[in-house]
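Please read the paragraphs that follow with the structure open beside you, turning to each residue as it is named. The path runs from the interior outwards to the pockets and the loops.

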Amino acid sequence: MSLAPELIRRGRELVKRESQLQFILGDLVQEVAPVDAPLPQRERALDGFADALQMSPDTLRRYRRVAAAWPHDKRSKGASWSVHAILASHPRRFDLIGHPPPRGPRWWTCEAAQTAMSAQAAEGESPGATQV
């Protein structure tokens, strides 16, 4: 089965929009429930926000973790939120995101990001992102 170029283009546009929304929500959660707030207060705020949005608190925690790991000026417009999520704990993520693997497409894929994380684990590098 051949993939229609128009469907691929439309799908990529939707993924781009979804990625933007996930980062925006993560940034909002950082405002509503800042990581430096006391844990009980932070969790109450996050749970209240999740209820108001009718979303899972765990989903919002994941969005916040990825947004916190990737400041605005370090995010790649050419990589999906999912790629950013996979690379979020890589100690060299800011350098990596700007240099997709030389083999394959000229952009990051989830598979390539997983491979980079596996290579980092095999090298014994410790994750650099803080859990939030």
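Leaving aside its neighbours within four places in sequence, which residues is Trp-108 in contact with? In this predicted model, the contacts of Trp-108 beyond those neighbours are Ala-79, Val-83, Leu-87, Leu-96, Ile-97, His-99, Pro-100, Pro-101, Ala-113 and Ala-116.

Several of these names return when one turns to the largest nonpolar core, which holds 27 residues and in which Trp-70, Val-83, Leu-87, Ile-97 and Trp-108 touch the most other members. At least two residues of this core come from each of helix 1, helix 2 (39-53), helix 3 (57-69), helix 4, helix 5 (93-97) and helix 6. As a general background, nonpolar side chains in soluble globular proteins tend to be buried together.

The aromatic side chains deserve a separate look. A search of the whole structure finds two aromatic pairs. In one of them, the ring centres of Tyr-63 and Trp-81 are 5.3 Å apart and the planes stand at 80°, so the pair is edge-to-face. Because Tyr-63 belongs to helix 3 and Trp-81 to helix 4, this pair ties together parts that are 18 residues apart in sequence. Both Tyr-63 and Trp-81 are buried.

The pair formed by Trp-70 and Phe-94 is likewise edge-to-face, with 5.5 Å from centre to centre and 85° between the planes. Here Trp-70 lies in the loop between helix 3 and helix 4 while Phe-94 lies in helix 5, so the pair ties together parts that are 24 residues apart in sequence. As for exposure, Trp-70 counts as buried because its relative accessibility is 0%, whereas Phe-94, with a relative accessible area of 35%, is partly exposed.

The loop between helix 3 and helix 4 also contains Ser-76. Although Ser-76 and Phe-94 are 18 residues apart in sequence, their C-alpha atoms are 9.2 Å apart in space. Not counting residues up to four places away in sequence, Ser-76 touches His-84 and Ile-97, and Ile-97 is one of the core residues that touch the most other members.

From the core we can pass to the pockets. The largest pocket encloses about 540 Å³ of space, and its lining consists of 21 residues, of which Lys-16, Lys-77, Gly-78, Ala-79 and Ser-80 lie nearest its centre. Two or more lining residues are given by helix 1 (5-32) and by helix 4 (81-87), and helix 1 gives the most, with seven residues. By character, the lining of the largest pocket divides into nine nonpolar, eight polar and four charged residues.

The second largest pocket has a volume of about 260 Å³. Of the 15 residues that line this second pocket, Pro-101, Arg-103, Trp-108, Ala-112 and Thr-115 lie nearest its centre, and Trp-108 thus appears here as well as in the largest nonpolar core. Helix 6 (residues 110-123) gives the most to this lining, with four residues, and the lining as a whole divides into nine nonpolar, four polar and two charged residues.

A last stop is Gln-54, in the loop between helix 2 and helix 3. The phi angle of Gln-54 is near 60°, a positive value in a residue other than glycine. With a relative accessible area of 76%, Gln-54 is exposed, in contrast to Trp-70, which is buried.

Notes:
Residues are numbered from 1 along each chain as its sequence is written. This is a predicted model: local features need pLDDT of at least 70, side-chain atom pairs count only at pLDDT 80 or more; totals for chains, interfaces and linings use all residues. Side-chain values use heavy atoms; hydrogens and water are left out. On a 1 Å grid over the protein atoms alone, a cavity is a set of points where a 1.4 Å probe fits but cannot get out, and a pocket is an open set with protein on both sides within 12 Å along at least five of seven lines; lining residues have an atom within 4 Å of a point. Grid points are joined across faces, edges and corners, and a volume is the space filled by probe spheres set on the points. Ala, Val, Leu, Ile, Met, Phe, Trp, Tyr, Cys and Pro count as nonpolar, Asp, Glu, Lys and Arg as charged, and the others, Gly among them, as polar. A nonpolar core is a set of buried Ala, Val, Leu, Ile, Met, Phe, Trp, Tyr and Cys residues joined through side-chain atoms within 4.5 Å. Buried means under 20% relative accessible area, exposed over 50%, partly exposed in between (1.4 Å probe, protein chains only). Contact means heavy atoms within 4.5 Å. Rings of Phe, Tyr and Trp (its six-membered ring) pair if their centres lie within 6.5 Å; planes under 30 degrees apart count as stacked, over 60 as edge-to-face and the rest as tilted.
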